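Welcome! Here are a few exercises to help you find your way around a new protein model, each with a worked solution.

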Amino acid sequence: MMKTHLLAVLVTLFCLGFAFGSQAQKKQYVAKNSTVKLDFATKAGSIVGENQSATSALNPKTGQMLFTVPVQAFKFKRAIVQKYFNYPGLVYSKKYPFIKFKGKIVDFGAIKLRKKREYEIVIEGELTMRGVTRPIKATGKLTTGRKEVVGFAQFNIPDISKYGLGKVNGKPVIQAVRGIGVDVTVNATYKRK
């Protein structure tokens with residue numbers, strides 16, 4: 001678990017160099033141990049998984065953000081879901097160990113990060129899961145202050161099969177996955193680095 005978390009931090013920092021440039025990287029806001037919650041709406045009811053090992057970075061000048069979520073760190077209450085979540089027919093964590101988001105807070109210029117205030121925000125970007133990248137739009141809140149910035153966001157993926165879940169080598173193997181939606185909530189506390 002510690003190796004997975006360390007690898008997520010290293011991947012995030014490596015990507016920051018490309019996403020934000022080496023000079024900007026020195027003044028990033030970084031969130032470690034962020035929480036990502038997945039709530040799958042299935043015929044059998046809600047299936048909830050939580051991950052407290054996500055890492056994120058926020059560029060204080062542009063509002064660009066990056067999230068790296070280690071797939072194997074998701075925990076489910078149902079043992080059967082925990083067992084099969086990482087298998088090739090679902091998320092396939094051996095081949096695709098991370099879920100990544102790269103995007104930007106819309107109208108970020110109106111946000112003052114160092115003043116204590118709460119902002120309603122919209123985030124637009126791209127979510128990559130199982131090697132499939134698709135556009136995502138999220139809504140949320142950003143609570144700013146002198147020492148930290150706390151972010152909350154939520155979005156819905158109406159059909160997880162669009163990200164390749166339920167397929168192995170491009171061929172459908174788990175038909176029940178088609179049409180299953182997932183509500184995603186994210187909580188991150190950023191500290192200036």
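The exercises below use this predicted model.

**Exercise 1. Find which residues are linked with Lys141 in a network of salt bridges.**

Step 1. Begin with the pair of Lys141 and Glu118, whose side chains meet in a salt bridge with an N to O distance of 3.7 Å. Lys141 belongs to strand E7 and Glu118 to strand E6, so this pair ties together parts that are 23 residues apart in sequence.

Step 2. Now look for another partner of Lys141. Glu120 also forms a salt bridge with Lys141, and the closest N and O atoms are 4.0 Å apart. Here too the pair links distant parts of the chain, with Glu120 in strand E6 and Lys141 in strand E7, 21 residues apart.

Step 3. Put the pairs together: Glu118, Glu120 and Lys141 are linked in a network of salt bridges.

Step 4. Check the surroundings of each residue. Lys141 is partly exposed at 34% relative accessible area, and Glu118 is partly exposed at 48%. Glu120 has 62%, and because exposed means over 50%, Glu120 counts as exposed.

**Exercise 2. Work out which strands are tied together by the salt bridge of Lys191 and Glu148.**

Step 1. Find the contact: the closest N and O atoms of Lys191 and Glu148 are 2.8 Å apart.

Step 2. Place the residues. Lys191 lies in strand E11 and Glu148 in strand E8, so the salt bridge ties together parts 43 residues apart in sequence.

Step 3. Look at exposure: Lys191 is partly exposed, at 40%, and Glu148 is partly exposed, at 30%.

**Exercise 3. Decide whether Ser93 and Tyr87 are buried or partly exposed.**

Step 1. Locate them: Tyr87 is in the loop between helix H3 (79–84) and strand E5 (98–105), and Ser93 is found in the loop between H3 and E5.

Step 2. Compare with the cut-off. Ser93 has 4% relative accessibility, and because buried means under 20%, Ser93 counts as buried. Tyr87 has 40% and is partly exposed.

Step 3. Look around each residue. The side chain of Ser93 makes a polar contact of 3.1 Å with that of Asn86. Tyr87 joins Ile80 and Tyr84 in a nonpolar surface patch, with about 300 Å² of accessible area together.

**Exercise 4. Find which residues have the most contacts inside the largest nonpolar core.**

Step 1. This core has 46 residues, and those with the most contacts inside it are Phe40, Ile105, Leu127, Ile157 and Tyr190.

Step 2. Follow one of them: beyond its close sequence neighbours (within four places), Ile105 is in contact with residues including Leu58, Met65, Ile123 and Leu142.

Methods:
Residues are numbered from 1 along each chain as its sequence is written. This is a predicted model: local features need pLDDT of at least 70, side-chain atom pairs count only at pLDDT 80 or more; totals for chains, interfaces and linings use all residues. Side-chain values use heavy atoms; hydrogens and water are left out. Patches are made of residues with over 30% relative accessible area and no salt bridge: like charges are joined within 9 Å, nonpolar side chains (Val, Leu, Ile, Met, Phe, Trp, Tyr) within 5 Å. Accessible areas come from the Shrake-Rupley method with a 1.4 Å probe; for residues, only the protein chains shown count as cover. Helices (H or I, at least four residues) and strands (E, at least two) are DSSP runs, numbered from the N terminus. Buried means under 20% relative accessible area, exposed over 50%, partly exposed in between (1.4 Å probe, protein chains only). A nonpolar core is a set of buried Ala, Val, Leu, Ile, Met, Phe, Trp, Tyr and Cys residues joined through side-chain atoms within 4.5 Å. Contact means heavy atoms within 4.5 Å. A polar contact is a pair of N or O atoms within 3.5 Å; within protein, one must be able to donate a hydrogen and the other to accept it, and residues adjacent in sequence count only if both atoms are side-chain atoms.
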